[in-house]
Amino acid sequence: MLKQDLLGAYVNPIWLADTQQALFKSLMQVLSRPGRLDNWAEWLENSPAYLAVLATLLDGEVSLADVSGLLTESNWPLLQAHKSAVEQANYILCDATKAPTFLPKLGTLSSPDFAATLILKVSSLDKMQGNIRLKLTGPGVNGETEICVSGIDQAWLDQRNEWCSAFPLGIDCILVDDTQILGLPRTTKVEILEVRDNGGLN
Amino acid sequence: MSNQAKTSDTPFRQASAEYNFGFLDEYAKKEIRRSVLKAIAIPGYQVPYSSREMPMGRGFGTGGLQLTLSLIGKQDTLKVIDQGSDDSVNAVNLRSFIEMTCPGIDTTTKVAEANLIQSRHRIPEQALREDQVLVLQVPYPDALVVVEPSEDKRKIMHGEADYSRLLVKLYEDIVKFDEITISHRYPTRINRHYVIDSSPIPRWDVPKMNDSKALILLGAGREKKIYAVPPYTLAEPLEFDDVPFRVEGFNDETGKRRTCHRCGCDHSFLDEFIDARSGEKLYQCSDSDYCDEQLKSLSVNQSLEG
């Protein structure tokens, strides 16, 4: 359902402050607890989940690179972020089915927060079923946890692990499917347990 | 303590309706939110942010306040603590400011009811849950400031996880005083890399940061830094193999554990004060909510027995 903003116009809720507050709280929990899946379906109103992530985080102070052309021209003025080359971008939006061909900002030793945050669009995230089964350990994970991802080129996971190999340098990833969100901060150790062709459906 | 009834009665409170929900504008909130995510992703690293002017002096908890205002929404229930107590002056003022600028939220004094807890100088005695977030107000965010005045150099030392000079300071304390003299804001290593200033919580509370169920966010308004201890993360106070970390002791001269004079609790952090009339030393739980809860369960037990 479209919501009314302060001036009375009907807009998609992802652009409204109270929705963004709720989405941020979910995003914060998801990044604090890798392996946790949050479903944003009730907030999205047909918007893609990656657009809601961007709407929650971006404004005119940061730069965005849309590597795979997922955004429409009309999204940019609302996001307010300036376009930037992928090597310099603060935020990078990618379709994860295509292997990465760039080097994002990894931060510096004294300012590791200068690193990029990647928003990766995958086809599905699930606790049980998917093409690639991952084991996650590290801060925020109580012991270890598993998650299945479909629609991601395996090269992403290898690259991500390489980029994050020298802590505190590294990148932080937010994986999204149509409605669900998964956080993979640079501290998370990601191991590929199994690669399946049929997505675990026998 | 819903603020619904109170918000409309004075012109002062009405004026607050003309401010954005949460006082800060949405751009300020977004910047703080982005910094919070970075802080979580790099546990213990102090993320710089542009701490906004607040209608109170820097050093009165503006860092914690800006975090709270950026996180809070109408569904949230907030508890504000100052030195363990909900009704000391810093807690009362911050709470009433948040109630005034965030119409629709609830506030409480009970840890169990709150999902957002802003605190100065204490972590509640009652264990926190996964759905709770603890925000700590921090006056001095950098543990290295006692050994290195230049922030540029401190940032390099943090990046390299070079804490040798801090360890030398602790060693010198032991040589001179037979005891590490840092009583509160004890340097604590997060996820085996960054050492944080744990904010002025007593040593008693430092072990609560280790493997915590709740996310802990720390905000320094004057120093413009945000850092975090994510849940289920290693938080180790600095120590030596032969001089282990120890928390405050509450034993009397005879070696007996002192108890709270109010609720009789023998396992909480105690405040010492002098009774004005008798001149006697008294000990009382520093966490007032915990003390009340203990007192309540005590009276329930007594009435069951009686």
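The legends below describe close-up views of a predicted model.

**View 1. Helix α7 of chain B and its N-terminal cap.** Helix α7(B) runs over residues 288–305. Its 18 residues reach 26 Å from the first C-alpha to the last, close to the 26 Å expected at 1.5 Å a residue. At the N-terminal end, D287(B) acts as the cap, with a side-chain oxygen 3.2 Å from the backbone nitrogen of D289(B). D289(B) is also one of the buried residues of the helix, along with Y290(B), C291(B) and Q294(B). These buried residues pack against β2 (77–82) and β12 (281–285) of chain B.

**View 2. Aromatic pairs at Y194(B).** Over all chains, the count of aromatic pairs comes to 10. In one of them, F167(A) and Y194(B) meet edge-to-face, 6.2 Å centre to centre and with 75° between the planes. This pair crosses between chains, from the loop between α5 (154–163) and β11 (172–176) of chain A to strand β7 (residues 194–197) of chain B. F167(A) counts as partly exposed because its relative accessibility is 26%, whereas Y194(B), at 1%, counts as buried. Y194(B) also forms a tilted pair with Y45(B), at 5.6 Å centre to centre and 55° between the planes. Y45(B) lies in the loop between α2 (26–41) and β1 (47–48) of chain B, 149 residues apart from Y194(B). Both tyrosines, Y45(B) and Y194(B), are buried.

**View 3. An aromatic cluster in chain A.** One aromatic cluster is formed by F102(A), W156(A) and W163(A).

**View 4. Lysines over aromatic rings.** In chain A, K83(A) lies over the face of W76(A), 4.9 Å from the ring centre. In chain B, K74(B) lies over the face of F21(B), at 4.9 Å from the ring centre.

Notes: Residues are numbered from 1 along each chain as its sequence is written. Chains are lettered from A and ligands numbered from 1 in the order in which they are written. This is a predicted model: local features need pLDDT of at least 70, side-chain atom pairs count only at pLDDT 80 or more; totals for chains, interfaces and linings use all residues. Side-chain values use heavy atoms; hydrogens and water are left out. Helices (H or I, at least four residues) and strands (E, at least two) are DSSP runs, numbered from the N terminus. The expected span of a helix is 1.5 Å times one less than its number of residues. Buried means under 20% relative accessible area, exposed over 50%, partly exposed in between (1.4 Å probe, protein chains only). Contact means heavy atoms within 4.5 Å. A polar contact is a pair of N or O atoms within 3.5 Å; within protein, one must be able to donate a hydrogen and the other to accept it, and residues adjacent in sequence count only if both atoms are side-chain atoms. Rings of Phe, Tyr and Trp (its six-membered ring) pair if their centres lie within 6.5 Å; planes under 30 degrees apart count as stacked, over 60 as edge-to-face and the rest as tilted. A charge sits over a ring if NZ of Lys or CZ of Arg is within 6 Å of the ring centre and within 35 degrees of the ring normal.
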